[in-house]
Every structure is written in C-alpha cells, then in structure tokens.
Amino acid sequence: MLDEKSIIYIVSDSIGETAEQVARAAAAQYGGIVSEIRRIPYVSEKQTIKEIINEAKAHNSIIVYTMVIPELKEYLENEAKDQGIIYVDIMGPVIDAISHITKAKPIYTPGIIRQLDEEYFKKVEAIEFAVKYDDGKDPRGIKKADVIILGVSRTSKTPLSMYLANKNLKVANIPLVPEVEPPKEIFDISSKKIFGLTSSPNKLNAIRQERLKALGLSFEANYANMDRILQELDYSEKIMKRIGCPVIDVTHKAIEETASIILRIMKGEN
C-alpha cells in the first residue's frame, strides 16, 4: 500500500507521456496519497535504469514504464524484481496481444507514434539543450538559453529544466555554491530570462539526507548540515538579488506548478 511518502517512477525509452497519464489517472483514485510522480524519459542505457532502481529503493515506490526495446525492458523488470519493487508494464500486454492476433512482430522503435514534424524536432532540440547545459556544465549555453534556472543543490533544477524543455524551451540551469563564483554570463543577460529557486532549510535538509542515504553515505556529511544549508541559501539569495530575477519558493510546489509560474511570468501574466 502506498504511504504518504510514496513515489511513482515513470520510465520510458520515449517521452513517457502515456505512462504518466495512466499513472496520474490511477493515483487520482487515492485522493492525493501518492506524494510524487517522477518521469524519466528517453532512457537508453542500463546504467540509467540501475540508478532509477537504486533511487526507487529509498522510497515506497512503484515503477510504471513504457519500454519497447526488449533488452532494456527485460533488464528493468529483472532489476526491479531483484529489489522487490513493484513494476507495471503499460504497453507490453497490448503489443503482445496485437502480435497474437496478427502473427506479426513489432518493430520495437521507441516513440514511433510521434510524427517527425517541426514541433517534434524543436522539442528534441530543447531536451538535448537541457541535457548539455545541465548543472552548469557549460556556461556558453547561458546566452543561448530561453530560460536560466538558478538554485542551490536539490531545489529541482534539473527536473524543472527537463519539464520546460518538453514545452520547447531551451533551459540552462546553474548550481549556486558559496565557494564557486557564478558564471559572469548570468550578469550580462536580461534578468527576465532568469529564475531563482529557493526552498526551506528543513525541506532541503530532509531531501539531502535522503540523497545521502541512497548513496550509502553518512547523514553527518557537510552536504546535509543545517549550518551549511543556511549558508548556501544566504549566498543564493544575495546572487538572485544582485541579478534582480524572480525567485520561486519550491518548498511545497510540484515541478508542474513551478513551471506554470515561470511560463506565466514569461508571458507577462504576473
């Protein structure tokens, strides 16, 4: 039975929208008892699946997936079974049923239903951009981005970037760390493109402790130390004030809600 900390992981070798819609429809029958639904799209490597399984082990989780590549599908199922994680295949039974009545074999191509039109290419380009310029990997992406996300560690910068990328926005996200001077490029562009994320110290402490637990590290690590978290938040607040960008408190917000606020601000509705 799912508890208040339960998470549904959506795993797909395509976008994963179908699995997410099914999961949300099912979760709605339980009046909000599912705390979070995390979608991981475009899974193409076993290592990624392994990381998802390890993360899911730290929670009371289930995995809902749409994987058409047989090798990855089998690997996910075996790993989930070994770890005692419940998994639900959305497409497999239907594909098998069609094969049974047609006596034909599927072509096993992820995302084939999506037409390769201009809109689709824009989305793919935006997602590739978000991956390339994730976590401050390359500051050159800042001036090319439609949106820049700033925040300390574990304020959901990466999942928010991927969500916005699925809205065809090119997003770069930058971690703010007291010991590291932020890229000078963020002070050279319009603050209207920049959004700061913040969260309560207690929330960050809890999330970081969960992260350390998942990695098998001690809670005493500086990463989850409350004084350290307060220092990081104070530093990030100064940087955001210096830029003059909107700041969004994500303490009690889902990714979709934060993204909605950003999109409204960009449209001039706030």
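Biologist: What hand does the crossing of H5 and H6 have?

Modeller: The crossing of H5 and H6 is right-handed. Keep in mind that this is a predicted model.

Biologist: How do the two helices pack?

Modeller: H5 spans residues 118-132 and H6 spans residues 157-165. Their axes lie 8 Å apart, at an angle of about 165°.

Biologist: What makes H5 roughly antiparallel to H6?

Modeller: The angle decides. Roughly antiparallel calls for over 145 degrees. The angle here is about 165°. H5 is therefore roughly antiparallel to H6.

Biologist: Which residues make the contact?

Modeller: H5 brings Lys123, Ala126, Ile127, Ala130 and Val131. From H6 come Ser161, Met162 and Ala165.

Biologist: How do the residues of the contact of H5 with H6 divide?

Modeller: Six are nonpolar, one is polar and one is charged. Lys counts as charged, and Lys123 is in the contact. Ser falls among the polar residues, and Ser161 is in the contact.

Biologist: Which residues of H6 are buried?

Modeller: They are Lys157, Leu160, Ser161, Met162, Leu164 and Ala165. These buried residues pack against H5, strand E5 (147-151), strand E6 (171-175), strand E7 (194-198) and helix H9 (255-266).

Biologist: At what angle do H6 and H9 pack?

Modeller: The angle is about 60°, and the axes are 10 Å apart.

Biologist: Why is H6 called oblique to H9?

Modeller: Roughly parallel needs under 35 degrees, and roughly perpendicular starts at 65. The angle of about 60° lies in neither range. So H6 is oblique to H9. H6 passes H9 in a right-handed crossing.

Biologist: Which residues of H6 and H9 make that contact?

Modeller: Pro159, Leu160, Tyr163 and Leu164 of H6 meet Ile255, Glu256, Thr258, Ala259, Ile262 and Leu263 of H9. Eight of these residues are nonpolar, one is polar and one is charged.

Biologist: Why are H7 and H8 called oblique to each other?

Modeller: Helix H7 covers residues 201-214 and helix H8 covers residues 226-243. Their axes come within 10 Å and cross at roughly 120°. Roughly perpendicular ends at 115 degrees, and roughly antiparallel needs over 145. H7 and H8 are therefore oblique to each other.

Biologist: What hand does the crossing of H7 and H8 have, and which residues make the contact?

Modeller: The crossing is right-handed. Pro201, Asn202, Leu204, Asn205 and Arg208 of H7 touch Met226, Ile229, Leu230, Glu232 and Leu233 of H8. The residues of this contact divide into six nonpolar, two polar and two charged.

Biologist: Now the rings. How many aromatic pairs are there?

Modeller: The count comes to two, with ring centres required to lie within 6.5 Å.

Biologist: What makes the pair of tyrosine 65 and tyrosine 87 tilted?

Modeller: The centres are 6.4 Å apart, inside the limit of 6.5 Å. The planes stand at 40°. Stacked needs under 30 degrees and edge-to-face over 60. So the pair is tilted.

Biologist: Where along the chain do these two tyrosines sit?

Modeller: Tyrosine 65 is in strand E3 (residues 61-66) and tyrosine 87 in strand E4 (residues 86-89). They are 22 residues apart, so the pair links distant parts of the chain.

Biologist: How do you know that tyrosine 65 is buried?

Modeller: Buried means under 20% relative accessible area. Tyrosine 65 has 1%, so it counts as buried. Tyrosine 87 has 27%, so it is partly exposed.

Biologist: Why is the pair of phenylalanine 129 and tyrosine 133 called tilted?

Modeller: The centres are 4.5 Å apart and the planes are at 50°. That angle falls between 30 and 60 degrees, so the pair is tilted. Phenylalanine 129, at 9%, is buried. Tyrosine 133, at 3%, is buried too.

Biologist: What is notable about phi of tyrosine 42?

Modeller: Phi is near 50°, a positive value in a residue other than glycine. Tyrosine 42 lies in the loop between strand E2 (36-40) and helix H2 (46-57). Its relative accessible area of 28% makes tyrosine 42 partly exposed.

Biologist: What about phi of aspartate 135?

Modeller: Phi is near 55°, a positive value for a residue other than glycine. Aspartate 135 is placed in the loop between H5 and E5. At 44%, aspartate 135 counts as partly exposed.

Biologist: What makes lysine 192 exposed?

Modeller: Exposed means over 50%. Lysine 192 has 69%, so it is exposed. Lysine 192 is found in the loop between E6 and E7.

Definitions and conventions. Residues numbered from 1 in each chain as written. Predicted model: local features only at pLDDT ≥ 70, side-chain atom pairs only at ≥ 80, totals over all residues. Heavy atoms only, no water. Axes fitted to C-alpha atoms, helices over the stretch in contact; angles between N-to-C directions. Helix = DSSP H or I, 4+ residues; strand = E, 2+ residues; numbered from the N terminus. Left-handed = near helix turned anticlockwise from the far one by under 90°. Contact = heavy atoms within 4.5 Å. Phe/Tyr/Trp six-rings, centres within 6.5 Å; stacked < 30°, edge-to-face > 60°. Buried < 20%, exposed > 50% of the residue type's maximum accessible area, 1.4 Å probe, protein only.
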